[in-house]
Amino acid sequence: MSSTAAAAAGATTTKKAAALIFLHGLGDGPSGWSMLQHQLPALKPRLAQVQYVFPQSPEIPLSINGGMVMPGWFDLYEWPIQVGDPDDKKGKLAAVAQMEREIEKLVTQGIPRNKIAIGGFSQGGAIALLTTYYNSNTAPQQEHQTPPLAACISLSGWLTLTNEFKSVNAQNKDTPLFWGHGEYDDKVLFGQQKHGIETLSNAGVDNLQFQSYPMGHESCSEEMQGFAEFLDESLFGGEDQKQQQPDL
């Protein structure tokens, strides 16, 4: 990993009130989205109290690129990405396990799970969705064994392993979701948003916010504004803004 990527992936040592883990997309790295730690607080000042974590994906051979090795959270077999495409289940669950380790690191630093949000762009959004809602346990789950995650954010992502979403992770069933997607996305096709939202809703997730924007496979200022408002409300809700002073 380059020194720039390592710096972006690292977390500050000052204890924060909450945290956001945000995953990059295919072929990218932590520095690609590290601007969020400045952009989001500029839109919602309380988000300066958030510890921003930008994990690095492994470098893996990509089937859609003839086996070329590049940064990616899991393999892809079809392009563009449509509803019903085959899944690299092993790669996806390995990425979920990596995110669980990131969450546990934050918990050991003193940030509770209900103050931790996870999100991502494209492939990163797909892993954020799985980490939050995928039920990997076939035995009946007891709700609220541990606190739920504060929020999930998917930007131009998609819900994978959908045939297994008969139920969701009971721990995070009430975790709110923000899903932004471009209407002209030619890489992760726009129909993925409707399919993912319907699947999660049918599996019991109720707090779903989804917006579309006149753009392709990218982000825009309107989406960033919606992201910031959602994250601010999910992490801090009605807390007194005067008590949320940014670290100097």
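**Close-up 1. Packing of helix α3 against helix α4.** In this predicted model, helix α3 (residues 89-108) packs on helix α4 (residues 123-133) at an angle of about 70 degrees, and their axes lie 9 Å apart. Axes are lines fitted to C-alpha atoms, for helices over the stretch in contact, with angles from 0 to 180 degrees between N-to-C directions. Helices (H or I, at least four residues) and strands (E, at least two) are DSSP runs numbered from the N terminus. The angle makes α3 roughly perpendicular to α4, a term applied from 65 to 115 degrees. On the α3 side, K92, A95, V96, M99, E100 and I103 make the contact (heavy atoms within 4.5 Å), and on the α4 side I127, L130 and T131 do so. These residues divide into 6 nonpolar, 1 polar and 2 charged; Ala, Val, Leu, Ile, Met, Phe, Trp, Tyr, Cys and Pro count as nonpolar, Asp, Glu, Lys and Arg as charged, and the others, Gly among them, as polar.

**Close-up 2. The buried and exposed sides of helix α3.** The buried residues of α3 (under 20% relative accessible area, 1.4 Å probe, protein chains only) are G91, K92, A95, V96, Q98, M99, E102, I103 and L106. Viewed down the helix axis, they fall within an arc of 160 degrees and so line one face of α3; the arc is that of the directions from the helix axis to the C-beta atoms. Their cover includes β1 (18-23), β2 (50-53), β5 (116-121) and α4. K90, R101 and T108, on the other side of α3, are exposed, that is, over 50%.

**Close-up 3. Length and end of helix α3.** At 1.5 Å a residue, a span of 28 Å is expected for the 20 residues of α3, which agrees with the 29 Å between its end C-alpha atoms. The expected span is 1.5 Å times one less than the number of residues. Just after the helix, G110 adopts a positive phi of about 105 degrees.

**Close-up 4. Helix α5 and its surroundings.** Helix α5 (residues 191-202) has 12 residues that should span 16 Å at 1.5 Å a residue, and its end C-alpha atoms are 17 Å apart, which agrees. Q192, Q193, G196, I197, T199 and L200 are buried in α5. Down the axis of α5, these residues fall within an arc of 165 degrees, so they line one face of the helix. Among the elements covering them are α4, β7 (177-182) and β8 (208-213), whereas K194 and N202 on the other side are exposed. G204, just after α5, takes a positive phi of about 115 degrees.

**Notes.** Residues are numbered from 1 along each chain as its sequence is written, and side-chain values use heavy atoms, leaving out hydrogens and water. Local features need pLDDT of at least 70 and side-chain atom pairs count only at pLDDT 80 or more, while totals for chains, interfaces and linings use all residues.

Notes: Parallel < 35°, antiparallel > 145°, perpendicular 65-115°, else oblique.
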